[in-house]
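User: I am new to this structure and would like a short tour. Where should we begin?
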Amino acid sequence: MSTATESIDQLAINTIRTLSMDAVQAANSGHPGTPMALAPIAYEVWANQMTYDPAAPLWPNRDRYVLSCGHASMLIYSMIHLAGVHEVDASGKSTGKKSLTVDDLKQFRQFGSKTPGHPEYKHTAGVETTTGPLGQGCANSVGMAMAQKWLASRYNKDGFDLFDYKIYVQCSDGDLMEGVACEAASLAGHLKLDNVCWIYDDNEITIEGDTSLAFSEDVAKRFEGLGWTVCRVDDANDLSALSKAIELFKQDTHGPTLIIVKSVIGFGAPNKAGTHGAHGAPLGEEEIAGTKKNYGWPNEKFYVPDGVEEHFTATLGARGAEAREKWEALLADYRKQYADLAGELDAILAGELPAGWDKDLPVFPADEKGMATRSSSGKTLNALAPNLPWLIGGSADLAPSNNTNLTDAGDFGPKSYAGRNLHFGIREHAMAAAGNGMALAGLRTYVATFFVFSDYLRPSMRLSSIMGLPLVYVFTHDSIGVGEDGPTHQPVEQLSAARGIPHLIVLRPGDANECVEAWKVAVTSKTQPVALVLTRQNLPTLCREKFAPAAGTAKGGYVLADAKSGKPDVILIATGSELSLAVEAYEQLTADGVAARVVSMPSFELFEQQDAAYRESVLPAAVKNRVGVEAGIRQGWDRYLGFEGTFIGMNDFGASAPYSLVYEDRGITTAAVVEAAKNQLA
Ligand SMILES: Cc1ncc(C[n+]2csc(CCOP(=O)(O)OP(=O)(O)O)c2C)c(N)n1
Ligand SMILES: [Mg+2]
């Protein structure tokens, strides 16, 4: 390394540091110490290792950089600024402007800025995924790596290596303490994902102090046990050691790589190294002035020395542009030879569905005995799969119960990445986080488990929503209808809890044909995750000549059966498995001369998206006699029932017994609905 390069390296690294210090100071909040210490690592990855074109931040074959320790957000913002990453418009095209200007850095953590407290996907070009909840970025990266492998298996051809990108993750003690990252690491090791590299900042400090307070395991041994290649860099400032470690990763074809790097938090600030001050709070003006003096810098805020941006343009920029141009030429040739596959790629990247995706969807005939919605879901999924080749997913070891297996689609595993059946093992949280990573690549991904275990993956489901990723959650065994497995396996509050996540569409179809409609909603959703909540037990398949068409499902709520006059005195509202109770009650009430209406309400969220006139037509404000029935808690139902409505549902955990007995015991029965309706009228 010549002195000239050495000095530009150091100049660039110190610029990352000073920008981070200045931004945190200006915001008077945030973490300056970690970006300062990790600046050389980010520098090495961006300037010398990643294949990434700042002018095309969404180029499909770009290497991904994930800052899993999102509290160090000024690190990625400094990189985005210095590397000159372009802003993109809604269609993903460069606007030619910078994603982040110095002014954006000055607005760090301010309302409406492009530099929020933690990195947010879609908000800032150059941010690949939303991070902040420790562990999530690590687990996302495993899904990103799975997506790369699958894309390569399906679309790479001889002479056409369209997908060979790698994923670099910077992570911290907190990331590696989190269970979700360990689940994901275990999965990555099993799958032998040699395209993902975690660079772990072993700085021996977290918020409460020295990691020895709570963390004394041998991380290297753990990861070796998980099937990772582990290497060490003793000093985060040693660029040549970092470069060697990353070279090892690039050559390793055995599995994922963990690079354990020793750093000192706040390195570069003379006095605050290792103190809380450098950790979760600004350094202070005096400290910053001292540091800048040490660097031989002017005491100027947000100062970027000449040559630094140019250096990134000459390294990352030149390398990335060349690779991208080559790739685009390659894709143009690919188009000629593999027009159909190229067409698929266009659709994937645009978030579109192929023509005819819905042509084989089933229509289920009326049937008293009926079938479980988990079964109609499995049939629907298998009718979709052949016509939607990038529909891919799996379960946390419950595929036979969730009915998520795709016939003839093969398994995705360490020996072949071509299959579309994913096997997450019993790792619900990592499953959802990896699902997010796959959805980020444009794959129509679904993940599955028992509904009660949605609690195990909830933090990642929340992030699907925050990021606007249309990940599909297939949750079966949706209530006390589970029966004999008992209260630990019977969801009670989970429906209400799922509805509590903004933007998540929760859909609990009431029969087989509503289930088909629910899948249509799921597959066509572009910016909202969808949770399908499905039964274990059989439900009657309603006669759609007698009752309204199941297409009403897409509106979230619809009039399934009405009073002859069209002017009901009482409205019965039900979801999922309780819909048939409401229908039976309706028939009894009608026979007794009561003017009743049944509203099927598979999705509160979709119903709320309808205009006021439609909602009024389904639930006329004047009709105050209302009965809601759902085998869950009342929370959330008051919106439709008001103060005076009656709710028939759960207010305690279930019990281990044949499910019909549990329903009986908890008073969720047709007779109870009839009685409640009559009491309403009285
Ligand atoms: C899931 C989760 N829990 C808690 C936090 C709050 N938090 C932010 S940073 C941090 C710990 C920081 O320690 P470390 O991960 O070692 O990062 P470093 O301070 O070394 O940069 C915590 C607990 C969080 N962001 N995510
Ligand atoms: Mg730490």
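User: How far apart are the end C-alpha atoms of residues 371-541?

Analyst: This is a predicted model. Residues 371-541 carry the UniProt feature "domain: Transketolase-like pyrimidine-binding", from an unreviewed entry. The span is 36% helix and 18% strand. Its end C-alpha atoms lie apart by 7 Å.

User: Which domains does the domain assignment give?

Analyst: The assignment comes with residue bounds for each domain. They are domain 1 (8-322), domain 2 (367-540) and domain 3 (555-681).

User: What area is buried between domain 2 and domain 3?

Analyst: The C-alpha centres of domain 2 and domain 3 are 25 Å apart. The contact takes 30 residues from domain 2 and 32 residues from domain 3. Carbon and sulfur atoms give 57% of the buried area. That area is about 2400 Å².

User: Which residues of domain 2 lose the most area to domain 3?

Analyst: Three residues together account for 28% of what the domain 2 side buries. They are Ile480, Arg499 and Arg508.

User: How many salt bridges are counted between domain 2 and domain 3, and how many residue pairs in polar contact?

Analyst: Helix H18 (494-499), strand E15 (505-507), helix H19 (512-524) and strand E17 (539-541) each supply at least two residues of the domain 2 side that touches domain 3. The count across this contact is 2 salt bridges. For polar contact, the count is 16 residue pairs.

User: Which residue's side chain meets that of Glu578 in a salt bridge?

Analyst: The distance is 2.7 Å, N to O. A salt bridge allows up to 4 Å, so this pair qualifies. The partner is Arg508.

User: Is His503 buried or exposed?

Analyst: His503 sits in the loop between H18 and E15. Its phi is positive, about 75°, although His503 is not a glycine. Most residues other than glycine have a negative phi. At 53% relative accessibility, above the 50% cut-off, His503 counts as exposed.

User: Where is Asp397, the residue with phi near 75°?

Analyst: Asp397 also has a positive phi without being a glycine. Its place is the loop between strand E11 (391-395) and helix H15 (399-402).

User: Why does Pro133 count as partly exposed?

Analyst: Pro133 is among the residues covered by the UniProt annotation "binding site", from an unreviewed entry. Its place is in the loop between helix H4 (102-106) and helix H5 (136-155). Partly exposed lies between the 20% and 50% cut-offs, so the value that decides it for Pro133 is a relative accessibility of 40%.

Notes. Residues numbered from 1 in each chain as written. Chains lettered and ligands numbered in written order. Predicted model: local features only at pLDDT ≥ 70, side-chain atom pairs only at ≥ 80, totals over all residues. Heavy atoms only, no water. UniProt positions renumbered as here; feature names shortened; annotations may be inferred. Helix = DSSP H or I, 4+ residues; strand = E, 2+ residues; numbered from the N terminus. Buried < 20%, exposed > 50% of the residue type's maximum accessible area, 1.4 Å probe, protein only. Domains from an automatic or database assignment. Contact = heavy atoms within 4.5 Å. Buried area = accessible area lost by both parts, 1.4 Å probe. Polar contact = N/O pair within 3.5 Å; in protein donor to acceptor, adjacent residues only side chain to side chain.
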